[in-house]
Structures are given as C-alpha cells and as structure tokens.
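Visitor: Before the terms are used, I should like to see what they are applied to. Please show the sequence and the model, and then justify each label.

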Amino acid sequence: MSRPHIVIVGAGFAGYRAARTLARLTRNRADITLLNPTDYFLYLPLLPQVAAGVLEARRVTVSLPGTLHGVRLVLGEAGGVDLDGRTVHYTDPEGGAGTLGYDRLVLCVGSVNKLLPVPGVAEHAHGFRGLPEALYLRDHVTRQVELAAAEDDVEARAARCTFVVVGAGYTGTEVAAHMQLLTDGLARRSPLPGVRPRWLLLDVAERVLPEMDRRLSRTADRVLRARGVHVRMGTSVKEATRDGVLLTDGEFVPSRTLVWCVGVRPDPLVEALGQPLERGRLIVDPHLRVPGRPEVSGCGDAAAVPDLERPGEFTPMTAQHAWRQGRVAGENVAASLGLGRRRRPYRHRDLGFAVDLGGARAAANPFGIPLSGPAAGVVTRGYHLAALPGNRVRVAADWLLDAVLPRQGVQLGLVRSWSVPLDTASPELARVPGGPARSGADEGAGPGTPDRPDRPQATTAHEPSGEQGDHPAPGPVRRTDPPDRGVSGPVRRTDPPDHPAPGPVRRADRPDHPAPGPVRRTDPPGPAAS
C-alpha cells in the first residue's frame, strides 16, 4: 500500500509549523511535500530591524531543508489548485510548470500587500512584506540621506530627508521607530546643513497601535514623538506626485519616500478555488477543514478561521494565530490519516502583544500586564528569541554588536526599486530581469495566465486592515522616489539609483542613462472585488 501524500502550500508561520508538526507525527509514514517560492521561512516581526541595519538579513531566515527533516521542498509558486483532480499546479523559479498530486492538502498561502483604490499607489509606494522590500528600503533611505548631503538646494535637501510611512499598526510603527534611529545615525556621518531627517507616521485611526491597550498605545506614541517622529492621526495621503504627497488635511509634503504599511490582504490564489470566502479569506470550519472538502485544510492569513472565543467572528490575520493554527492543522491532518492524535478544533487566547520601538524601547503587555521602557524591551526581545525556530545565537550576537558598535551605513545595491513592486502577489521574491512571468501584477502576465489565475490588485478602504492590525488609509498614495511601476509600458524612475534597471526604463532625472527593455504591467492597478 502506497504512503499518503500530503502537500503544504506556503512556508510562512502557518505552513512552516504545519510541516514541522506533520514531520514529527507521521515519522516517515507519509510523504510530505512543501511548495514555497523560497528555501527559507521568514520571521517577519524582525524585518524592521533588517531594514534598519540592526540584524543581518540571513538572521531572520530559517532554512527549510535544514530544519524540516523528512519534508521534501519544491521551489515554486502555486498557480492553481484542481480540487476535483487533487492536484496543485505551480511554476518553478526558472519558469517551468509542474504539478503535485495530493491525498491531503494544507493551504497556507498567506497574504500580500493591501492596495487601496487610490490613484498612483502602484507607481509610488513600496510595501514591507518581504526580505527584498526591507533591503530595498534600507538602500533607498541611505541613498536619500547621502544625496541630500551633496545637495546645494535646501528645499531639495529637505525633501530627500523627509520619509512618509502610511499605517500606524505594528509594521508601520516599528518601521518608523527603527528607521528614524537609522537616519539620525546617517545624518551624523553625513552632515545636512539646515536639515534634519524627518519621519511622518500617518493613519486614519485615532491613535497609534489601535489594536493594543490604550496605555501601550500612549507609550508608543510618546516614544515616537520624543525621537522626532511626526505622528499624524486621522490623516492620510490624498494624492502624490514625483515631488511629494498631498495629505488629506490639505498639506503638501515634499518627499522622495513613501512606505506602504496599511495592512495585508489574503493571497488572491484562494479566490480561484471557487469556495466560499470571507473578505477574500477561505472559509474553514473550527477543525481548519474546507467545508465539503475534508481532504483540504486552510490556516494562516488566507483562511477565515472561526474564533471560538468570540462566536460569530473570525480570528485576525496575525502571526500569533497563524503559528498556532499551523500546529493544529498538522495534528488534524495526521489524525485524519490515522497517524496522530484525534482531531481538535482551533481555540486560542491571546497571550499579549509586543512592539519593538528600537534601541532599548518597546511596548508590551504579556498576559495582560502592560510594560514599557527597558523592561518591555527585554520582554520583547526575549519573546522573539523564544519564538524564532532558529538563528537565536546569531540574532542575540547581532543585538549585542549593535549595542556596542556603530552601524554600517552603506548601500548594498542588491535590490532595485523596480524589483519590488507594491502590487505583486509574491512580495517574498524580487523581480528578476528576463525572468518568468509570475502573476498579473508581475512581468506582464495577463488575465488567465497559466501560472496565476486572474487576481484582484486592490481592496476597498472599508476592509479590515489585516495582519498586525495596520489600518488602511483613504486617499491616493504615491511614491516620489522612483515611480517605476507604470500601469503599462516602460517603468519610469525619478530618483538617481546608482545602477540602471534592466529593461527600457525611462528616468526623468538622468535621461543620459537609459536601460534596455521595458517592464510592463497588463493588469489594472485600480480597485477590484476581493
């Protein structure tokens, strides 16, 4: 009798935990295949520290082949699932097509950057969902400060040193807190006469971190303002140009940088399944199974899991829930094959929240106990070390070195603006010149392409913000750094990166350096149903 085949799609918090749980319970009595675009699990909560230069990029990645023994890794992006035929179709990193058959399927495809129906968001904003985006942001911010130091015009210098973050949830707050410390250090190294780096944190909510206790929200707000971050609640971006952003209160802010942290939306792949959805999330039962498809399970950001602690609601899209759902999904799948304990419903009580504000500052409420200052910093970093499935010693070593040595403020030049478009279904992958098409939002793949079915590229401002509690901001958001993602045709860039992008790229500031070949989009960046 052949062994059952289990396919897990996605290696985020839910997928990684499900794979590890299944490997432990099945003990080589089942074939387990993990389909993922990269060969690592990314620990997203520490990504702002990578962008700020506190941690080396590999510290927040955990090798899948090195830690998931007994699990076969297949590199590729799922393009579609044939539920009747029990097959998953995927595209490998070199553009080849593949198919995986399964007896049990666990969908953990996660989430992507949320887009709002605002003009210019695709051209000018960058998200913060993957390692390429974090590396790009660090290079871009470093470059802006260095260019500002060489700028003769005071107004142009101030524009380059103004950085706008939209979304005051977990991600946006941590990005603003950590990056402000980075730019202050860069400014000390590269004097900026008459100018100081200025960070703006915007959100339509009434307070920072609205999903947390009000005391912790006030702590974070106080720390940010004391460092010089301009916190603007009840305000967002109405329109943006290459020279700056127009806020909803009427103020125009000259800037070259816009970081989009308004939340996430489920991976649009689940929409192609033809199963009931809840705001783009695949509806599952308390045992994490798809109704009518007992062989298919879903967990993490892409699944709408009933919240048994709050009847009638679904669990939020957070890493805390995804991690625990992955374990339950693995246990239930093993039980369905007679290889583990009996099935159990997913039930979870929040253990608290922790937000790292850089340096020794943090805000946390473990087990409902509000903490701030150094005590919260210790708890927050201790939590991350405990939650990391690997690299703990290396992360602790980087923290120690950052405490005693100055950071290296250099550009690595590894990721270009056109490589990390906001409207991509794969934020974990940087766009590669001449590489295979990935989705309707990447490399010019049109509707109905075999590797990815039609998928919407925007959501409405009335949807919940998604993982980590980020709040959507009304009004258009545009980046004024390189507007490299036009709706169609060649990509344009307006800031001077040191390396031209492959593909005919038009640059408004340095027309003397054209680059061959266009990067084209064929999907509409505007709002679509989700």
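**Labels and their grounds**

Visitor: Why is Arg27 counted as exposed?

Guide: Its relative accessibility is 66%. Buried means under 20% relative accessible area, exposed over 50% and partly exposed in between, with a 1.4 Å probe and protein chains only, so Arg27 belongs to the exposed class. The model is predicted: local features need pLDDT of at least 70, side-chain atom pairs count only at pLDDT 80 or more, and totals for chains, interfaces and linings use all residues. Residues are numbered from 1 along each chain as its sequence is written, and side-chain values use heavy atoms, without hydrogens and water.

Visitor: What makes the backbone of Arg27 worth a remark?

Guide: Phi of Arg27 is near 50°, a positive value in a residue other than glycine. Arg27 is in the loop between helix 1 and strand 2; helices (H or I, at least four residues) and strands (E, at least two) are DSSP runs, numbered from the N terminus. Arg86 also has a positive phi, about 55°, although it is not a glycine. Arg86 sits in the loop between strand 6 (77–82) and strand 7 (87–91). Because its relative accessible area is 33%, Arg86 is classed as partly exposed.

Visitor: How do you know that strand 1 and strand 2 pair?

Guide: Two strands pair if DSSP finds at least two bridges between them. Strand 1 (residues 5–9) and strand 2 (residues 31–36) have five bridges, in the parallel sense, so the condition is met. His5 stands opposite Asp31 in strand 2. Helix 9 (residues 319–336) packs on the sheet, touching strand 1, strand 9 and strand 22 (293–298). Its direction makes about 170° with that of strand 9; axes are lines fitted to C-alpha atoms, for helices over the stretch in contact, and angles between N-to-C directions run from 0 to 180 degrees.

Visitor: What makes strand 5 an edge strand?

Guide: The open sheet of six strands has the order 5-2-1-9-22-21, with mixed pairing. Strand 5 (71–75) and strand 21 (289–290) each pair on one side only, and they are the edge strands.

Visitor: Why is the pairing of strand 14 and strand 15 accepted?

Guide: Four bridges join strand 14 to strand 15 (residues 244–247), and the two run antiparallel. In strand 15, Gly244 is the bridge partner of Thr241. These strands belong to an open sheet of three strands in the order 14-15-16, with antiparallel pairing. Its edge strands, each pairing on one side only, are strand 14 (237–241) and strand 16 (252–254). Neighbouring strands of this sheet are turned by 20° against each other on average, direction ignored.

Visitor: Why is the contact between Asp84 and Arg293 called a salt bridge?

Guide: A salt bridge is a side-chain nitrogen of Lys or Arg within 4 Å of a carboxyl oxygen of Asp or Glu. The closest N and O atoms of Asp84 and Arg293 are 2.8 Å apart, and the pair therefore satisfies the criterion. Asp84 lies in the loop between strand 6 and strand 7 and Arg293 in strand 22, so the pair ties together parts that are 209 residues apart in sequence.

Visitor: Which other salt bridge links distant parts of the chain?

Guide: Arg232 and Asp249 form one, with closest N and O atoms 2.6 Å apart. Arg232 is in strand 13 (residues 230–233) and Asp249 in the loop between strand 15 and strand 16, 17 residues apart. Salt bridges that share partners also join Glu56, Arg58, Arg59 and Asp398 into one network. Within it, the closest N and O atoms of Glu56 and Arg58 are 3.4 Å apart. Glu56 is partly exposed at 32%, whereas Arg58 is exposed at 59%. A search of the whole structure finds 22 salt bridges.

Visitor: How do you know that Ile283 is partly exposed?

Guide: Its relative accessible area is 24%, a value in the class between buried and exposed. Ile283 lies in strand 20 (residues 281–283). Not counting residues up to four places away in sequence, Ile283 touches Pro276, Leu277, Glu278, Val290, Pro291 and Ala304, where contact means heavy atoms within 4.5 Å.
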